[in-house]
Amino acid sequence: MSRPNVPGADREIGVRHPVLLHGYVVLVDYMGNDNAIVQAARVSYGPGTKTVRDDRGLIRYLMRHRHTTPFEMVEFKFLVRLPIFVARQWVRHRTASLNEISARYSVLEEEYEVPVPEEVRHQSSRNRQGRGDPLPEEAVASFRGDLDRVSRDAYASYQRALEGGVARETARLLLPVAFYTQWYWKINLYNLFHFLSLRLDPHAQEEIRLYAAELAKIGRLVCPVAFEAFEEFQIGALWLGRREQRALRLLLEGATSNAACAAAGLPLSREDGTPMTTGEGVEFLEKLARVREAL
Ligand SMILES: Cc1cc2nc3c(=O)[nH]c(=O)nc-3n(C[C@H](O)[C@H](O)[C@H](O)COP(=O)(O)OP(=O)(O)OC[C@H]3O[C@@H](n4cnc5c(N)ncnc54)[C@H](O)[C@@H]3O)c2cc1C
């Protein structure tokens, strides 16, 4: 019995996929492929059902019906180099195994993130966690200049501290979150899909989305059919709550969006009559817009 492999993915092992200024994602190893998902699923369904669905149909069925454990049969190990502010978001995902470079043991390099000018934008007025409209050129240049200066100064202080005999574990306190760290990150496909569904989403910060996109690109090489199902039934899916379903029914019966939302209890305006920019009603209209775009 030979080890199942995917030639296209094998060629990717060890290849650096650049992300941001100094970051990258590398596929170090993987175990399993689309067949491993099918194999695990057929164990639970038994041989009698073998001919009921083809492999692609079975994977799509598993994804639709949240029969999740067969997806855990596929594993990925990545080496990731990333700024500390991205790492802090990333590490919130608890269902992976992780080993990070020790800045108690190693001296960190003078590598820090400076966003490209287009990514330095106004605070979003709609999303309190996000970026919005472009800023004037001078404001962008001033921010990027400050970030560069502060980071260089910080690294010079770090070096001075090391040269003065301060322990590495203490000297590192001088380095801000724009500096880079790196780690090995091992995760199974089910949890990778969970990570990607949160971190490819437009609500996630742009920088971590770029990493997520690279992980997805690599993962797709290993399990193209599972990724196709993930994109169809998770990334591309729309969740409709009970009120949203009621509003949709009213729309199908000919009501206007405003009337349907009002009748279904999905508010679009405040008590004083001013239109809402966030909330359940607005999100429902955004879902409808997505459906219209998809047609
Ligand atoms: C756009 C965005 C904004 C965010 N903003 C903030 C913020 O402002 N502040 C902040 O602190 N965090 C923030 N987060 C982090 C977020 O709250 C989650 O911690 C993170 O997305 C990891 O999600 P998770 O717990 O589902 O993933 P994982 O840790 O990978 O867990 C996967 C799943 O395993 C289960 N699980 C794992 N551990 C436990 C446990 N101990 N108990 C119960 N179930 C468990 C859950 O079902 C969970 O969904 C943000 C995340 C996103 C995507």
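H194 meets the ligand through a polar side-chain atom, which lies 2.6 Å from a ligand oxygen atom. The protein covers 49% of the 930 Å² of accessible area that the ligand has on its own. The model is predicted. Two topics follow: the ligand's surroundings and the nonpolar cores.

**Around the ligand**

- The surrounding residues are R92, H93, R94, T95, Q129, H194, L198, R199 and H203.
- By class, this shell has five polar, three charged and one nonpolar residue.
- R94 has a side-chain N or O atom 2.6 Å from an oxygen atom of the ligand.
- For T95, the distance from a side-chain N or O atom to an oxygen atom of the ligand is 2.9 Å.

**The largest nonpolar core**

- In soluble globular proteins, nonpolar side chains tend to be buried together.
- Here, the largest nonpolar core holds 45 residues.
- Helix 8, spanning residues 206-222, gives the most to this core: seven residues.
- W90 and L189 touch the most other members of the core.
- Beyond its neighbours within four places in sequence, L189 is in contact with I37, F71, V74 and F76.
- L189 is also in contact with C223, A226 and F227.

**A separate core**

- Another core, of 12 residues, lies apart from the largest one.
- Its members include Y155, A171, A178 and F179.

Conventions
Residues are numbered from 1 along each chain as its sequence is written. This is a predicted model: local features need pLDDT of at least 70, side-chain atom pairs count only at pLDDT 80 or more; totals for chains, interfaces and linings use all residues. Side-chain values use heavy atoms; hydrogens and water are left out. A nonpolar core is a set of buried Ala, Val, Leu, Ile, Met, Phe, Trp, Tyr and Cys residues joined through side-chain atoms within 4.5 Å. Buried means under 20% relative accessible area, exposed over 50%, partly exposed in between (1.4 Å probe, protein chains only). Helices (H or I, at least four residues) and strands (E, at least two) are DSSP runs, numbered from the N terminus. Contact means heavy atoms within 4.5 Å. A residue is near a molecule or strand if one of its heavy atoms lies within 4 Å of it. A polar contact is a pair of N or O atoms within 3.5 Å; within protein, one must be able to donate a hydrogen and the other to accept it, and residues adjacent in sequence count only if both atoms are side-chain atoms. Accessible areas come from the Shrake-Rupley method with a 1.4 Å probe; for residues, only the protein chains shown count as cover. Ala, Val, Leu, Ile, Met, Phe, Trp, Tyr, Cys and Pro count as nonpolar, Asp, Glu, Lys and Arg as charged, and the others, Gly among them, as polar.
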